[in-house]
Amino acid sequence: MSLTLITTPTFGRFSSEPWELLRVAGVHAERPREDVPLPRADLLARVHEAEALIVGLDPIDNEVFEAAPRLKVVAKHGVGYDNIDLDAAREHGVRVVYAPGSNSRAVAELTFGLLLDVARGISANDRAVRAGGWPKTFGVELAGRRLGIVGFGRIGRRVAEYATAFGMDVIAHDPYLPTDAFGDVASADLDTILDSDVVSLHLPATPGAEPLLHRDRLTAMRPGSILLNVARGGLVDEAAAAELLHGGHLAGAGFDAFAVEPPGDSPLLSAPNVVLTAHIGACSREANRAMGVTVAEGVLAVLQGAEPRYSAA
């Protein structure tokens, strides 16, 4: 019986189907004993017997592959696999599978939830009422405002659909897509995107690279605009964003991803007009089931010598 080591506690949390797929195939699966990701030291100590890994945001690098001589496949319980060293995986003959599209609706809905919250000051008003106040918070309406989307994959396209339904003018930037892939949404360069009322990020981060929205680009954003990051923390210079929120250049922001998670002493925690969530973009019950089933099927395909449906390496 082969062993699959699972580092993320959310695998199969809301559906038994992923577990059943592994069980029926004769795969023994071990998950974290606590409701937190498997600590790095435990991963390195236990991975040597594993033929498969199912991971969340854990860094899966050459050290992990060196510690796992029997490993055949790493499955990302999610969409973005930038936390997995694909070159190291190839060098060790390990396949990498993932679950594209499984959480698109969940992430897009959270994105729009953050936008509505920031635009109307919902969370801030809630805190004030609970504290005994009764402030009349005046926000802005979304209709007629421009939304600039950076990254126009499955999630970006769904956010565009929601924004269009709210009467927003939508433009998008994605250097990896041909112009005809944008459909009814206007393709724009990054400088044009930054001159939008709302900028929303939906793309992976490049490990070790400077933030896509560094200080100069954040400063170039339209005064009074809103920034949304429901993608990866490394995409935004958090210190610069916090300064621009304090100074009023940015009217507000919504962050579901941070350079360090949990964010610890990130300056965003004390910035005004910002709504922060704990990287919960993919955390819908429906997405949880879809991700679990997809990665379980990918793991089984590799272990059984078949070609997986979704492979990154």
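This short talk walks through one sheet and one pocket of the structure shown above.

Before I begin, please keep in mind that what we are looking at is a predicted model, and that the residue numbers I use count from 1 along the chain as its sequence is written.

Let me start with the sheet, which is open and built from five strands in the order β2-β1-β3-β4-β5, with parallel pairing. At its edges stand β2 and β5, the latter covering residues 95–97, and each of these two pairs on one side only. Going from one strand to the next, the twist averages 20°.

I would now like to follow strand β1, which spans residues 3–6 and is covered on both of its faces. On one side we find L3 and L5, on the other T4 and I6, and all of these residues are buried.

What are the neighbours of β1 in the sheet? One is strand β2, residues 28–30, which runs parallel to β1 and is joined to it by three bridges; within this pairing, L5 of β1 has E30 in β2 as its bridge partner. The other is strand β3, residues 52–55, and here too the pairing with β1 is parallel and involves three bridges, with T4 standing opposite A52 of β3.

The connection from β1 to β2 also deserves a moment, since together with helix α1, residues 17–24, these two strands make a β-α-β unit, and its hand is right-handed.

Continuing across the sheet from β3, we come to strand β4, residues 73–76, which pairs with β3 in the parallel sense over four bridges. A52, which we have just met opposite T4, also stands opposite V73 in β4.

Let me turn from the sheet to the second largest pocket, whose volume is about 360 Å³. Which residues lie nearest its centre? Of the 25 residues that line this pocket, those are V118, A119, G121, A251 and N273.

As for the elements that contribute to the lining, at least two residues each come from α5 (104–120), α6 (122–130), β10 (225–229) and β12 (274–276), and it is α5 that gives the most, with four residues. In terms of character, the lining is made up of 13 nonpolar residues, seven polar ones and five charged ones.

To close, the two things to look for in the model are the open sheet of five strands and the second largest pocket with its lining of 25 residues.

Conventions: Predicted model: local features only at pLDDT ≥ 70, side-chain atom pairs only at ≥ 80, totals over all residues. Heavy atoms only, no water. Buried < 20%, exposed > 50% of the residue type's maximum accessible area, 1.4 Å probe, protein only. Pairing = 2+ DSSP bridges. Right-handed = clockwise from strand over helix to strand, strands pointing away. 1 Å grid on protein atoms, 1.4 Å probe; cavity = no way out; pocket = protein on both sides within 12 Å on 5 of 7 lines; lining within 4 Å. Points joined across faces, edges and corners; volume = space filled by probe spheres on them. Nonpolar A, V, L, I, M, F, W, Y, C, P; charged D, E, K, R; others polar. Axes fitted to C-alpha atoms, helices over the stretch in contact; angles between N-to-C directions.
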